[in-house]
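This briefing goes through one chain by topic. Please keep the sequence and the model open while reading.

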Amino acid sequence: MIELQDITKIYPNGFQAIYPLNLRVEKGDIMGIIGYSGAGKSTLIRLINRLETPSSGKVLINGEDILALNQTELQKRRQKIGMIFQHFNLLSSRDVFGNVAYALEIAGWERSAIKSRVYELLEIVGLHEKAAFYPSQLSGGQKQRVAIARALANHPEILLCDEATSALDTKTTKSILALLKQIQANLGLTIVLITHQIEVVREICNKACVMSGGKIIERGSVEEIFASPKHAVTRELLSYLPALSEQEVLSQNKHAYKISFVGEHINEPLISEVVKKFGVDVNILAGNIEPLSTTKVGHLFVEFGKDKALNSKAIDYLKSKGLLVESLEAESRNAESGALDFGADVAKAESSGRADSKNVDSKNADSSANHQRSAK
């Protein structure tokens with residue numbers, strides 16, 4: 001699908017951004033290219049669609065060297081290579097519909113076909129109701145969804161993502177990654193994703209490369225790299241990997257518990273203690289320790305065995321030691337119940353608001369009519 005052969009990039013000022021490297025991305029891969037700022041990641045991805053021209057080497061897309069194409073041929077090939085950017089690159093003068101339609105207009109689509117295609121794309125990214133909104137009226141996540149819709153406009157085979165989530169908050173990042181994963185599965189796209197966020201690679205990629213100083217210093221499947229990192233830079237990047245969230249743990253195990261401990265309890269072997277004391281089975285699912293300015297806070301996600309009586313004794317013992325033990329399943333049910341109650345309150349308020357609005361509109365209409373009669 002994508003093959004870079006002996007690629008280099010040297011800028012006119014003599015700075016070498018990319019040293020000789022080879023890279024192959026198979027059809028259907030989600031390839032993550034990760035590294036610190038200045039590693040050469042963005043330069044590398046821009047070489048794939050010739051936004052940057054390499055100083056030497058070949059760029060093969062489906063076996064065709066795109067460096068040999070003239071400008072007209074290149075523009076046509078680029079229609080099959082979508083790209084999304086960190087800062088969205090939307091046209092502020094166009095609404096959502098217009099931004100997505102622009103890619104089709106440039107490609108020479110018939111006006112009659114543009115409307116249906118745009119709405120099809122907005123449906124895919126969940127923005128059908130926002131077609132008439134302008135970029136200034138959208139959140140960061142919504143802007144990136146527009147950018148994704150635009151990138152998909154011409155039925156691309158390849159999607160390039162240049163730090164597509166680094167300007168977004170954690171929750172929005174997860175939603176965008178989930179959308180990309182769904183789109184890749186449904187459309188069979190090949191995705192090359194540039195990021196400095198190791199959690200993005202964990203979340204969505206099946207293969208990864210680590211870059212440093214314009215070179216690929218490690219590559220392989222995500223499982224291989226995460227399980228047995230070879231290079232010091234890779235090990236350092238993995239050390240910044242955030243712990244699994246409660247939602248992620250709960251999605252993998254519905255009966256998980258969260259144990260929270262502070263200060264002196266961090267260094268105590270309390271899990272080992274309850275196993276020995278009560279003969280209870282404990283499976284550790286995930287955990288992390290956060291150093292604060294004054295102390296340390298730890299969280300441990302565990303699964304207890306099937307003996308509920310033993311589990312209850314173990315949990316009571318941990319609580320007696322000052323630990324907070326919470327059932328994620330119970331928390332999830334409470335959160336869902338709260339969300340439903342909140343939704344009902346909002347619906348009631350909106351219904352009341354609409355009724356008040358109608359009354360106000362009616363009074364305004366009567367007032368306006370009286371005003372017009374007085375003017376006559």
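Which residue in E13 is the bridge partner of Ala286? The partner is Phe301. The model is predicted, and the points below move from this pair to its sheet, then to a second sheet, two single residues and the chain totals.

**The hairpin of E12 and E13**

- Strand E12 covers residues 282-291 and strand E13 covers residues 296-304.
- The two strands pair in the antiparallel sense, with 9 bridges between them.
- Besides the Ala286 and Phe301 pair, Asn288 of the hairpin stands opposite His299 in E13.
- E12 and E13 make a hairpin, and 4 residues lie between them.

**The sheet that contains the hairpin**

- The hairpin strands belong to an open sheet of 4 strands, in the order E12-E13-E11-E14, where the pairing is antiparallel.
- At the edges are E12 and strand E14 (324-327), each of which pairs on one side only.
- On average, neighbouring strands of this sheet are turned by 20° against each other, direction ignored.
- Helix H12, residues 308-320, packs on this sheet and touches strand E11 (257-262), E13 and E14.
- The direction of H12 makes about 175° with that of E13.
- As a general point, side chains in a regular strand alternate between the two faces of the sheet.

**The sheet with mixed pairing**

- Another open sheet has 6 strands in the order E6-E7-E8-E3-E9-E10, and its pairing is mixed.
- Its edge strands are strand E6 (81-85) and strand E10 (215-221), and each of them pairs on one side only.
- Neighbouring strands of this 6-stranded sheet are turned by 15° against each other on average, direction ignored.
- Within it, strand E3 (residues 30-34) and strand E9 (residues 207-212) pair in the parallel sense over 4 bridges.
- One of the residue pairs here joins Ile34 to Val210, its bridge partner in E9.
- Helix H9 (residues 232-239) packs on the sheet through E3, E9 and E10, and its direction makes about 110° with that of E9.

**Leu91 and a nonpolar patch**

- Leu91 sits in the loop between E6 and helix H3 (96-106).
- Why does Leu91 count as partly exposed? Its relative accessibility is 30%, and the partly exposed class lies between the 20% limit for buried and the 50% limit for exposed.
- Together with Tyr102 and Ile106, Leu91 makes a nonpolar surface patch of about 270 Å².

**Thr173**

- Thr173 is part of helix H6, which spans residues 170-187.
- Is Thr173 buried or exposed? Thr173 counts as buried because its relative accessibility is 7%, and buried means under 20%.
- Leaving out residues up to four places away in sequence, Thr173 touches Thr165, Leu168 and Val200.

**The chain as a whole**

- The chain has 13 helices and 14 strands.
- Of its 376 residues, 40% are buried.
- Among contacts in the chain with a separation of 6 or more, 68% are between residues 24 or more positions apart.
- The exposed area of the chain is about 20600 Å², and carbon and sulfur atoms supply 50% of that area.

Methods
Residues are numbered from 1 along each chain as its sequence is written. This is a predicted model: local features need pLDDT of at least 70, side-chain atom pairs count only at pLDDT 80 or more; totals for chains, interfaces and linings use all residues. Side-chain values use heavy atoms; hydrogens and water are left out. Two strands pair if DSSP finds at least two bridges between them. Axes are lines fitted to C-alpha atoms, for helices over the stretch in contact, and angles run from 0 to 180 degrees between N-to-C directions. Contact means heavy atoms within 4.5 Å. Patches are made of residues with over 30% relative accessible area and no salt bridge: like charges are joined within 9 Å, nonpolar side chains (Val, Leu, Ile, Met, Phe, Trp, Tyr) within 5 Å. Accessible areas come from the Shrake-Rupley method with a 1.4 Å probe; for residues, only the protein chains shown count as cover. A salt bridge is a side-chain nitrogen of Lys or Arg within 4 Å of a carboxyl oxygen of Asp or Glu. Buried means under 20% relative accessible area, exposed over 50%, partly exposed in between (1.4 Å probe, protein chains only).
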